[in-house]
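Thanks for coming. I will go through one structure today, sheet by sheet, and then turn to the cysteines and the aromatic rings.

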Amino acid sequence: MSGVLALVGGAEWREGCTFDADLLERSGGREVAVLPTAAAYEHPEHAVEWATRWFEGIGAKVRGVMVLGRPDAEDEANAAAVRESRFLYLSGGSPMHLRSVLKGSMVWEALVATWREGAVLAGSSAGAMALCDPMVDPRGGAFTVGLGLIEQLAFVPHHDTWSPDKAKRTIALAPTGIPLVAVDERTAVIRSTDGAWSVHGAGSAVVFVDGRETGLDALPG
């Protein structure tokens, strides 16, 4: 048993992200803990500010959990903030940095435990990519090791702005039998507590297995 999981295709916390209100409702609370880890080198405070403005509009407060480097990920206060949250949100940025900071850390263990106990967890762009294993390497579109919260699934964000050449390469390089879900900006694929997946938001999502389009039922439950 685990909580709701939302994998967002990027351009988070703006008009069209209608799913955020539902995620908030499912969390049973009125506060969102935002980890701008992936944006550590891209003014992470701006990600928290953006999230704050967005969630204030739907009746929630935002708490920035500033896990930006490895020492922050091993900080008990940050791990406690994660454990106390009912709605955790990983921002976009660099999936490689996010993975290196969180992998095997105290904060990561707290995040996984909190989600498995029923908290809502959302990741956008890099945040969604790193939660999966294998993980798409944004530097060339190939595959590498992710954090593995969801195994046997790869995630591609910004599908509506994806270049045809990169799309073709990533689909061709996907490991045999592994579903690759490509999601538009301001759109989320959401896994409910019963393991069923659905698409919400402004755009659409496409699932590929072995280079062929298939349905959401190919995603791991």
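**Two sheets, two cysteines and a ring cluster**

In this model, Ala154 has Leu180 of β11 standing opposite. Before going further, please note that the model is a predicted one. The two strands concerned are β10 and β11, residues 180–183, and they pair in the parallel sense over three bridges.

They belong to an open sheet of four strands, ordered β10-β11-β14-β15, in which the pairing is mixed. β10, residues 154–156, and β15, residues 212–214, are the edge strands, and each of them pairs on one side only. On average, neighbouring strands in this sheet are turned by 35 degrees against each other, direction ignored.

Now the other sheet. Seven strands make up this open sheet, again with mixed pairing, and the order is β3-β2-β4-β5-β1-β12-β13. Which strands stand at the edges? They are β3, 61–64, and β13, 197–201; each has a single partner strand, so one side of each is left without a neighbour in the sheet. From one strand to the next, the twist averages 25 degrees.

Let me take β1 in detail. Strand β1 covers residues 5–8; Leu5 and Leu7 point one way from it, Ala6 and Val8 point the other way, and all are buried. That fits the general pattern: in a regular strand, side chains alternate between the two faces of the sheet.

β1 has β5, residues 120–124, as a parallel partner over four bridges. With β12, residues 187–191, β1 pairs in the antiparallel sense, also over four bridges. Leu5 shows both pairings: its bridge partner in β5 is Leu121, and in β12 it stands opposite Arg191.

Moving on from β12, that strand runs antiparallel to β13, and five bridges join the two. One of the partners here is Gly201 in β13, paired with Thr187.

Two helices come next. Helix α6, residues 106–116, packs on the sheet and touches β1, β2, β4, β5 and β12. The direction of α6 makes about 130 degrees with that of β4. Helix α1, residues 19–27, lies across β1, β2 (31–35), β4 (87–90), β5, β12 and β13. Relative to β4, α1 runs at about 140 degrees.

Next, the cysteines. How many disulfides does a search of the whole structure find? The count is zero. Cys17 is in no disulfide, and the nearest cysteine sulfur, that of Cys132, is 18 Å away. Sulfurs would have to lie within 2.5 Å to be counted. Cys17 is buried, with a relative accessible area of 2%. Cys132 is buried as well, at 0%.

Last, the aromatic rings. There are four aromatic pairs by the rule used here. Why is the pair of Phe55 and Phe87 edge-to-face? The ring centres are 5.9 Å apart and the planes stand at 85 degrees, so the pair is classed that way; the cut-off for edge-to-face is over 60 degrees. This pair links distant parts of the chain, since Phe55 sits in helix α2, residues 44–56, and Phe87 in strand β4, 32 residues apart. Phe55 and Phe87 are both buried. Together with Trp13 and Tyr89, Phe55 and Phe87 form one aromatic cluster.

That is where I will stop.

How values were computed. Residues are numbered from 1 along each chain as its sequence is written. This is a predicted model: local features need pLDDT of at least 70, side-chain atom pairs count only at pLDDT 80 or more; totals for chains, interfaces and linings use all residues. Side-chain values use heavy atoms; hydrogens and water are left out. Buried means under 20% relative accessible area, exposed over 50%, partly exposed in between (1.4 Å probe, protein chains only). Two strands pair if DSSP finds at least two bridges between them. Axes are lines fitted to C-alpha atoms, for helices over the stretch in contact, and angles run from 0 to 180 degrees between N-to-C directions. Contact means heavy atoms within 4.5 Å. Rings of Phe, Tyr and Trp (its six-membered ring) pair if their centres lie within 6.5 Å; planes under 30 degrees apart count as stacked, over 60 as edge-to-face and the rest as tilted.
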